[in-house]
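Me: I would like to go through this model one question at a time, with the reasoning set out before each result. Please begin with the backbone and then move on to the helices and the aromatic rings.

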Amino acid sequence: MSDFFNQVYEVVKQIPPGRVTSYGAIASSLGSPGAARMVGWAMNASHSHPEFVPAHRVVNRNGLLTGKHHFDNPNAMQELLEAEGLKLEGDKIVDFKEKFWDPMKEL
């Protein structure tokens, strides 16, 4: 597993329940603002990480659940977020700006 992936996982593990961040925000916080897609690859591979990585809390820059097809159950991402108190309409976080956790400010 790459060092970048491990750095991504360390950021993602800091996202509080009931909050979400984006692939790009994680990439920027790691000094690689153009690496949002690589963060997505890390989230896709997170199931093989030995510690729990709350990948369900990482969405695209518009609050869309673009990674939901990488979960065993296509509804799992939405169900996990709703269990944490987030509201969704379709595949989008309601009040995304209020629920957004910015690792550049929080870490």
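Me: Where does Asp95 lie?

Reply: The model is a predicted one, and Asp95 is a residue whose backbone deserves a look, since its phi is positive, about 60°, although Asp95 is not a glycine. Its relative accessibility is 47%, so it counts as partly exposed. As for its place, Asp95 belongs to the loop between strand S4 (92-93) and helix H5 (96-99).

Me: Which residues does His56 touch, leaving aside those up to four places away in sequence, and with which side chain does the side chain of His56 make a polar contact?

Reply: His56 sits in the loop between helix H3 (36-45) and strand S2 (58-59), and because its relative accessible area is 3%, under the 20% that marks a buried residue, His56 is buried. Beyond four places in sequence, His56 touches Phe71, Met77, Leu80, Leu81 and Glu84. The polar contact of its side chain, at 2.9 Å, is with the side chain of Glu84.

Me: Are the buried residues of H1 spread around the helix or do they line one face?

Reply: The buried residues of H1 are Phe4, Phe5, Val8, Tyr9, Val11 and Val12, and what covers them includes H2, H3, S2 and helix H6 (103-106). Seen down the axis of H1, these buried residues fall within an arc of 160°, so they line one face.

Me: Which exposed residues are carried by the face of H3 turned away from its buried side?

Reply: In H3, the buried residues are Val39, Ala42 and Met43; seen down the helix axis they fall within an arc of 100°, so they line one face of H3. These buried residues pack against H1, helix H2 (23-29) and S2. The face turned away from that buried side carries the exposed residues Arg37 and Trp41.

Me: How do H1 and H3 pack, roughly parallel or roughly perpendicular?

Reply: Two packed helices are described by the angle between their axes and the distance between the axes. For H1 and H3 the angle is about 80° and the axes lie 9 Å apart; because an angle from 65 to 115 degrees counts as roughly perpendicular, this value settles the class of the pair. The contact is made by Phe4, Phe5, Val8, Tyr9 and Val12 of H1 and by Met38, Val39, Trp41, Ala42, Met43 and Ala45 of H3. The arrangement of H1 and H3 is thus roughly perpendicular.

Me: How many aromatic pairs does the structure hold, and what kind of pair do Phe5 and Tyr9 form?

Reply: The structure holds two aromatic pairs, and in one of them the rings of Phe5 and Tyr9 lie 6.4 Å apart, centre to centre, with 65° between the planes. Both residues lie in helix H1 (residues 3-12), four residues apart, about one turn of the helix. Phe5 is buried because its relative accessible area is 16%, and Tyr9, at 0% relative accessibility, likewise counts as buried. The count of pairs is two, and Phe5 with Tyr9 is edge-to-face.

Me: Of what kind is the pair of Phe96 and Phe100?

Reply: Phe96, at 13% relative accessibility, counts as buried, whereas Phe100 has a relative accessible area of 23% and is partly exposed. Their ring centres lie 5.6 Å apart and their planes meet at 65°, so the pair is edge-to-face.

Definitions and conventions
Residues are numbered from 1 along each chain as its sequence is written. This is a predicted model: local features need pLDDT of at least 70, side-chain atom pairs count only at pLDDT 80 or more; totals for chains, interfaces and linings use all residues. Side-chain values use heavy atoms; hydrogens and water are left out. Helices (H or I, at least four residues) and strands (E, at least two) are DSSP runs, numbered from the N terminus. Buried means under 20% relative accessible area, exposed over 50%, partly exposed in between (1.4 Å probe, protein chains only). A polar contact is a pair of N or O atoms within 3.5 Å; within protein, one must be able to donate a hydrogen and the other to accept it, and residues adjacent in sequence count only if both atoms are side-chain atoms. Contact means heavy atoms within 4.5 Å. Rings of Phe, Tyr and Trp (its six-membered ring) pair if their centres lie within 6.5 Å; planes under 30 degrees apart count as stacked, over 60 as edge-to-face and the rest as tilted. The arc is that of the directions from the helix axis to the C-beta atoms. Axes are lines fitted to C-alpha atoms, for helices over the stretch in contact, and angles run from 0 to 180 degrees between N-to-C directions. Angles under 35 degrees count as roughly parallel, over 145 as roughly antiparallel, 65 to 115 as roughly perpendicular and the rest as oblique.
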